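Me: I would like to go through this structure and ask how each label is earned. Please set the value against the cut-off each time.

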Amino acid sequence: MLSDAIDAVDWSAVPVPPNPRYRPEVIVGSLRELATATTLDQAADAASRLAGGGIVHDHSGTVFPSASWAAPLLPDVVEQGHPHARVAAVGLLDDALCLHPPAGYNRVVTEHGMHVPIRCAVARSVRSRRDIVLAQGRPGKGLLAEVRLHWRFDIEETLPVSEGVVAAFDVLEGVLPSPPVEGEDVVSTVRAARCRSPRAPRLTAGGAAPVSAPLRPRLRRMRG
């Protein structure tokens, strides 16, 4: 059951930004209430707490690290919840993709990598449940359109093209931006990551990017 999945999450591991608008104490109870809501009032009440400091603070335009912990659970609400709860869950996921994290709290640890931007983690959770989201009609299509902007390029093989430039081949999630945008390199002891950021090498339209030698084992391209 969804309530069991909510309880199984290690919420104590969620980073706590020193932001007076963040209300971690409401997250678990509000997710449970959203999952079990049977009326509009119940769904709206639970969603308003999650949007008022639980996983985002919509009035200040802030998304918190807790959004990446909640993101794998909200598609279950979209699939199993009351119709009003489904709409609310889609809206919360959309907020999590569009709002901005507090300074110094943009990164989370996920099963897919270390130091993953919050919005990249949320996008991956939504993308993995695409059919469920798409079934929600216009709101679902709008959410998936936002997800497409948060692209990820997993690279396991590279081919030298010219001095300082290699071609990178593997699987693309989302849509690469046009014109090209700059990105950011994040390297851990397990894998290398290349993420969307204002300060890093530029990806060319053809999929080739300047890549240094330490990035050869495995690359992940994300926009977050």
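Reply: Start with a cut-off: buried means under 20% relative accessible area, exposed means over 50%, and partly exposed lies in between. Bear in mind that this is a predicted model.

Me: Why is T110 called partly exposed?
Reply: T110 has a relative accessibility of 26%. Partly exposed covers the range between under 20% and over 50%. T110 therefore counts as partly exposed. The residue sits in strand β3, residues 107-110. Beyond four places in sequence, T110 touches V116 and A121. T110 and W69 are 41 residues apart in sequence, with their C-alpha atoms 8.8 Å apart.

Me: Why does S30 count as buried?
Reply: S30 has 1% relative accessibility. The limit for buried is under 20%. So S30 counts as buried. S30 belongs to helix α2, residues 27-36.

Me: What makes the pairing of the S30 and R49 side chains a polar contact?
Reply: The distance is 2.9 Å. A polar contact needs a pair of N or O atoms within 3.5 Å, one able to donate a hydrogen and the other to accept it. The S30 and R49 side chains therefore make a polar contact. S30 also touches A46 and L50, leaving out residues up to four places away in sequence. From S30 to S48 the C-alpha distance is 8.9 Å, across 18 residues in sequence.

Me: Why are α2 and α3 called roughly antiparallel?
Reply: Their axes cross at roughly 150°. Angles over 145 degrees count as roughly antiparallel. Hence α2 and α3 are roughly antiparallel to each other. The axes come within 8 Å, and α3 covers residues 40-51. The crossing is left-handed.

Me: Which residues make the contact of α2 with α3?
Reply: From α2 come I27, S30, L31, E33, L34 and T36. From α3 come Q42, A43, D45, A46, A47, R49 and L50. By class, the contact has seven nonpolar, three polar and three charged residues.

Me: Why are α7 and α9 called oblique?
Reply: Helix α7 (residues 118-127) and helix α9 (residues 138-148) pack at about 130°. Roughly antiparallel needs over 145 degrees, and roughly perpendicular runs from 65 to 115. An angle of about 130° fits neither class, so α7 and α9 are oblique to each other. Their axes are 10 Å apart. α7 passes α9 in a left-handed crossing. The contact is made by A123, V126 and R127 of α7 with L143, L144 and V147 of α9. The residues divide into five nonpolar, no polar and one charged.

Me: What describes the packing of α6 and α7?
Reply: Two packed helices are described by the angle between their axes and the distance between the axes. For α6 (residues 83-98) and α7, the axes cross at roughly 145° and come within 8 Å. The crossing is left-handed. L93, A96, L97 and C98 in α6 meet R119, V122, A123 and V126 in α7. By class, this contact has seven nonpolar, no polar and one charged residues.

Me: How do you know that H57 is buried?
Reply: The relative accessible area of H57 is 13%. Buried means under 20%. H57 is therefore buried. H57 lies in strand β1, residues 56-57. The side chains of H57 and S60 are joined by a polar contact of 2.8 Å. Past four places in sequence, H57 is in contact with R21, A51, G52, T62, F64 and L99.

Me: Why does N19 count as buried?
Reply: N19 has 17% relative accessibility. The cut-off is under 20%. So N19 counts as buried. N19 is in the loop between α1 (2-8) and α2. A polar atom of the N19 side chain lies 2.8 Å from the backbone nitrogen of R21. Outside its neighbours within four places in sequence, N19 is in contact with T62, F64 and P102.

Me: How many helices and strands does the protein chain have?
Reply: The secondary structure comes to nine helices and ten strands. Of the 224 residues in the chain, 47% are buried. Among contacts between residues at least 6 apart in sequence, 57% join residues at least 24 apart.

Definitions and conventions:
Residues numbered from 1 in each chain as written. Predicted model: local features only at pLDDT ≥ 70, side-chain atom pairs only at ≥ 80, totals over all residues. Heavy atoms only, no water. Helix = DSSP H or I, 4+ residues; strand = E, 2+ residues; numbered from the N terminus. Buried < 20%, exposed > 50% of the residue type's maximum accessible area, 1.4 Å probe, protein only. Contact = heavy atoms within 4.5 Å. Axes fitted to C-alpha atoms, helices over the stretch in contact; angles between N-to-C directions. Parallel < 35°, antiparallel > 145°, perpendicular 65-115°, else oblique. Left-handed = near helix turned anticlockwise from the far one by under 90°. Nonpolar A, V, L, I, M, F, W, Y, C, P; charged D, E, K, R; others polar.
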